[in-house]
Amino acid sequence: VYKRQPQQHPTVLWATMVEHHRMSIYKSYLRTPPEGYDCFFNQRFGPTLRSLHRSAHVIEWPYSFSNEKCVADLFPGTVKENSIVVEAHQPREALQTLLKAPEIRVHFSGGRNIIEHLELLAKAKILFSPIYERPLWGNATVEAAAADCIVVGNRHALWNPCMIDPRMHCSSVEEGWEIISRLLSDDSYYQEMLASQRTRLNWYAFSRPLLQLLYYVSKSPRPLSAKRFVR
């Protein structure tokens, strides 16, 4: 069936993505797309050093393909609270001191369905992820950014760290708490960092993937219908 697709629909570009980057076929598709497909979306949102070595058929397309406020807009009328969401893979015991902070509500992510989780991000001002116990992919940072929730975290802990502004990088709870305290006490600084994060989100998780795809389309010898979008 895959072999017949290009012949039956020669103007269609065929792309695929696997459910998780740890699946065995992931590495195989990085080398060669499955039969009948043109492109493989690798779930990265670089650039990273691996971007330099990717094959022409590999498009850096994030699993959470998003742009500015697309999660926030799912919950119209939601008002931001002085609240922090602690990323799901953080050791809870190391962040218990945050619970004692006056007038700041702290939520530990996990144990919720996806709608509840996204609504929690839409209400919060900060996603906090300072502790590096094992490398994480970084999808949670895209979801948070799309919910207008500023990510304060350890860039070194992520395979895809670009959603975190270097000024929001921290490698300990104490260092991160200093950043959070300034964000929550200085609204002009908070708005500046929010604008910076929106710019990052729009580029890395939306415009850049689309431009890579359009570039691939422009180089294809087939008469793809998508070429009308290439200028």
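The largest cavity in this predicted model holds about 50 Å³ of space. The count of cavities of 30 Å³ or more comes to 1. Around that void sits a protein of 231 residues, 48% of which count as buried. Here's a quick tour, starting with the cavity and working out to the cores, the salt bridges and the overall layout.

**The cavity**

- Ten names make up the lining: I150, V151, M163, I164, D165, M168, M193, S196, Q197 and R200.
- Sort them by class and you get 6 nonpolar, 2 polar and 2 charged residues.
- Two elements, β7 (150-153) and α6 (187-219), each put at least two residues into the lining.
- The biggest contributor is α6, with 4 residues.

**The nonpolar cores**

- The largest nonpolar core runs to 48 residues, and F128, I150, V152, M168 and L183 have the most contacts inside it.
- Quite a few elements chip in with two or more residues: the strands β4 (83-86), β5 (105-108), β6 (126-129) and β7, plus the helices α3 (114-123), α4 (139-146), α5 (173-185) and α6.
- Helix α6 gives this core its largest share, 7 residues.
- There's also another core, set apart from the big one, with 6 residues, including F41, W61, L213 and Y216.
- I150 and M168 turn up twice here, in the cavity lining and among the residues with the most contacts inside the largest core.
- What does V152 touch once its neighbours within four places in sequence are left aside? The partners are I126, L127, F128 and S129, then M168 and C170, and finally G176, I179, I180 and L183.

**The salt bridges**

- Searching the whole structure turns up 6 salt bridges.
- R222 and D38 pair through their side chains, at 2.6 Å from N to O. R222 is in the segment after α6 and D38 is in the loop between α2 (24-31) and β2 (39-43), so this bridge ties together parts that are 184 residues apart in sequence. Both partners, R222 and D38, are buried.
- E60 and R208 make another bridge, with their closest N and O atoms 2.8 Å apart. Since E60 belongs to strand β3 (residues 58-62) and R208 to helix α6, the pair ties together parts 148 residues apart in sequence. E60 and R208 are both buried too.
- E192 bridges to R167, and here the closest N and O atoms are 3.3 Å apart. This pair links distant parts of the chain, with E192 in helix α6 and R167 in the loop between β7 and α5, 25 residues apart.
- Are E192 and R167 buried or partly exposed? E192 has a relative accessible area of 41%, so it counts as partly exposed. R167 is partly exposed as well, at 42% relative accessibility.
- D165 joins R167 and E192 in a network of salt bridges, and D165 is also one of the residues lining the largest cavity.

**The overall layout**

- The secondary structure adds up to 6 helices and 7 strands.
- Reading from the N terminus, the order is α-β-α-β-β-β-β-α-β-α-β-α-α.
- Along the principal axes, the C-alpha atoms fill a box of roughly 65 × 35 × 30 Å.
- Take the contacts between residues at least 6 apart in sequence, and 65% of them join residues at least 24 apart.

Notes
Residues numbered from 1 in each chain as written. Predicted model: local features only at pLDDT ≥ 70, side-chain atom pairs only at ≥ 80, totals over all residues. Heavy atoms only, no water. 1 Å grid on protein atoms, 1.4 Å probe; cavity = no way out; pocket = protein on both sides within 12 Å on 5 of 7 lines; lining within 4 Å. Points joined across faces, edges and corners; volume = space filled by probe spheres on them. Nonpolar A, V, L, I, M, F, W, Y, C, P; charged D, E, K, R; others polar. Core = buried A, V, L, I, M, F, W, Y, C linked by side-chain atoms within 4.5 Å. Buried < 20%, exposed > 50% of the residue type's maximum accessible area, 1.4 Å probe, protein only. Contact = heavy atoms within 4.5 Å. Salt bridge = Lys/Arg side-chain N within 4 Å of Asp/Glu carboxyl O.
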